[in-house]
Amino acid sequence: MPPRPPHRVAAAALPLLLLLCCFFAILSPRPASAEPDADKAALLAFLAGVGRRGGAARLRVNWPTTHLACSSPTTAGWTGVTCSADATRIVALHLPGLGLSGAVPPGTLARLDALQLLSLRSNNLSGPFPSDILALPSLTGLHLQHNAFSGDLPDAGLENLRSLQVLDLSYNHFDGVVPAALSNLTALVALNLSNNSLAGRVPDLGLPALQYLNLSNNRLDGPIPASLLRFTDAAFAGNNLTRLTPAPLSPPPPASLTPPSTSTTTRNRRRRLSEAAILAIAVGGCVLVFAVAAVSLIALCNRDGGDEAGSGTASGGKGGDKSPESKAVIGKAGDGNRIVFFEGPSLAFDLEDLLRASAEVLGKGAFGTAYRAVLEDATTVVVKRLKEVNAGRRDFEQQMELVGRIRHDNVVELRAYYYSKDEKLLVYDYYSRGSVSNMLHGKRGEDRIPLDWETRLKIALGAARGIAHIHTENNGKFVHGNIKASNVFVNKHEYGCISDLGLALLMNPITTRSRSLGYCAPEVTDTRKASQSSDVYSFGVFILELLTGKSPVQITSGGNDVVHLVRWVQSVVREEWTAEVFDSELLRYPNIEEEMVEMLQIAMACVSRSPERRPKMADVVRTIEEVRRGDTGTRPSTEASTPAVEAPQSRAESSSAAQ
């Protein structure tokens, strides 16, 4: 049979080709036409109601002039808007300090029912508490502080916000009572109702997850309810409240990371920086031909304005600095005054977020003041504000880059740092139980839950592993330089974690030694130079602290006599009164004396006066692991944590890291 003409073959195959095209068109991903149109319409209606007075808000919010609400790698989205991964819904709205005013229009925000985070702080919004917010079931963070809202707080409808973790309504004009319905918000981590005109009794809220509370400067009266007695007096200051039981041992009163004062010149510079950043974002959203110019402008603005942004302050009151929140400043070393983040679980905040966070002083140490900060997304971090830093920018950044690369289960990770002429900040994860120093020496009394032997042994082993790993860094030359109980924390597996590594080289050595008395090796006092061997000495003192329950330096006889723990233990051991060394809280546990003696021998080797006679940390780890193996092989694990004469006692985590 002769072959068919070519045009006939093509004609016959045409239906099949059309069918295949339709099939692949159905299966292929559709273009990103999934812009959240309904959410966009709700936001435009909201802006029409609160941005109509004056041009400031209209200039700073690009919604009416930008087509796409959701940003992409090549396109800037709407100001303050964060979309879901598939760009179908708006999940976060950040509009702080944009000059918004008036009441929130009803029927606008309520339509954003996928919203998880809402920040309208530091505007001039007024009227009653927005009822639209009660229709947002996914909301986890609500920030309305520093506005002019007034009237009663809602009671009905609060039960809809069961996912809420952070609620900040401070610095408004709310009156009425504290609603009892707040007790329905069982996921709440931080509650700030301070600086309003709330009156009456405080309800017994009973919020199990609550870590931060501030009801100060209202008109509240009556007794503090039992469920809130764990919070310090600072949480209730400026009211007429009475505490029926003594206040707990506590950190200093709530504080702000914001620098204490700022000049008018600095505030004006911050405004110029913010406007430049907005201009850069607008240029970046233009057509592709201007991309190079946009990138250059952004880089120029960040470099020129860095110092001013770092030294400025976030205004605390109404009518203060209304500069808009800057974008996330995930930087790198040498890239101006920016927060530099390291790899790990993502943290999305900038310097202004950090300065405005609900902060609580945890304590003051040799290197500065540590704060617990609750961010807008309910993330809790520890921010350490350094003082007396001797190093310049280059040395500081090099040391932080080295520290930030260290990853180990028994080393507290440095999550981020910030350097400017006036501020040096470090960001760490928050450990709710606080330091081992607090566990050993804080809250002594009848209701104290002591550290059992098993826990102390695991703390020592974990800290030893962490220090041993630190000593392998930088080609085996890295030195911690400030090992002590207040720099050891406990992870979720009950093992010790070492913190504050790498800071000793950046600080004034005289200050470091004076704040670390009792831990410093003898040669450090003479040479002023720490070494890995002096780290071993400090760790030996830490083991003695775990064994004896005593501080490294004790003042007796009205302050006239100073007793050093190392010398005291050495004298007791020489007299063969070894049993007198151990903490009385440990004597309740059976079958552990042999292990305690073994740990005492390890500690005595570490605190040898001669550096050459001290073991390496890797050898210390192996020796403690042998004690642990002997422990698990000679007695049931339950005996390790059960007193001989008392029933087992569960140890709940403390909600404060500074007790």
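The following paragraphs describe strands, aromatic rings, one buried histidine and a pair of helices in a predicted model.

Two open sheets are described here, beginning with one of four strands, in which the strands follow the order β3-β5-β7-β9 and the pairing is parallel. The edges of this four-stranded sheet are formed by β3, which covers residues 101–102, and by β9, which covers residues 173–175, and each of these edge strands pairs on one side only. Strand β3 runs parallel to strand β5 (residues 124–127), to which it is joined by two bridges, and within this pairing S101 stands opposite N124 of β5. The other open sheet has three strands in the order β11-β13-β14, again with parallel pairing. Its edge strands are β11 (199–200) and β14 (240–242), each of which pairs on one side only. Between β11 and strand β13 (residues 219–223) there are two bridges in the parallel sense, and L220 in β13 is the bridge partner of G200.

Aromatic rings provide a further set of contacts, and the count of aromatic pairs comes to seven. One of these pairs is formed by W63 and W78, whose rings are stacked, with 5.5 Å from centre to centre and 20° between the planes. Both tryptophans are placed in the loop between α3 (56–60) and β1 (81–83), where they are 15 residues apart, and the pair is described as linking distant parts of the chain. Because buried residues are those with under 20% relative accessible area, W63 counts as buried at 2% relative accessibility, and W78 likewise counts as buried at 4%. In the pair of F396 and Y417, the ring centres lie 6.0 Å apart and the planes stand at 65°, so the arrangement is edge-to-face. This pair also links distant parts of the chain, since F396 belongs to helix α7 (residues 393–404) and Y417 to strand β20 (residues 414–419), 21 residues apart. With a relative accessibility of 0%, F396 counts as buried, and Y417, at 1%, counts as buried as well. In addition, F129, F149 and F174 form one aromatic cluster.

Rings also meet charged side chains in this model, as is seen for K424, whose charged end sits over the ring of Y419 at 5.1 Å from the ring centre. A further example is K550, whose charged end sits over the ring of W568, 5.3 Å from the centre of that ring.

The surroundings of one histidine can be described in some detail. H143 lies in strand β6, which comprises residues 141–143, and the residue is buried, with a relative accessible area of 4%. When neighbours within four places in sequence are left aside, H143 is in contact with L117, L118, S119, L120 and R121, as well as with V166, D168, L375 and E376.

The packing of two helices completes the description. In general, two packed helices are described by the angle between their axes and by the distance between those axes. For helix α9 (residues 453–470) and helix α13 (residues 532–548), the axes come within 10 Å and cross at roughly 170°. Because angles over 145 degrees count as roughly antiparallel, α9 and α13 are roughly antiparallel to each other. On the side of α9, the contact is made by W453, R456, I459, A460, A463, A464 and I467, whereas α13 contributes F539, F542, L546 and L547.

Methods
Residues numbered from 1 in each chain as written. Predicted model: local features only at pLDDT ≥ 70, side-chain atom pairs only at ≥ 80, totals over all residues. Heavy atoms only, no water. Pairing = 2+ DSSP bridges. Phe/Tyr/Trp six-rings, centres within 6.5 Å; stacked < 30°, edge-to-face > 60°. Buried < 20%, exposed > 50% of the residue type's maximum accessible area, 1.4 Å probe, protein only. Lys NZ or Arg CZ within 6 Å of the ring centre and 35° of its normal. Contact = heavy atoms within 4.5 Å. Axes fitted to C-alpha atoms, helices over the stretch in contact; angles between N-to-C directions. Parallel < 35°, antiparallel > 145°, perpendicular 65-115°, else oblique.
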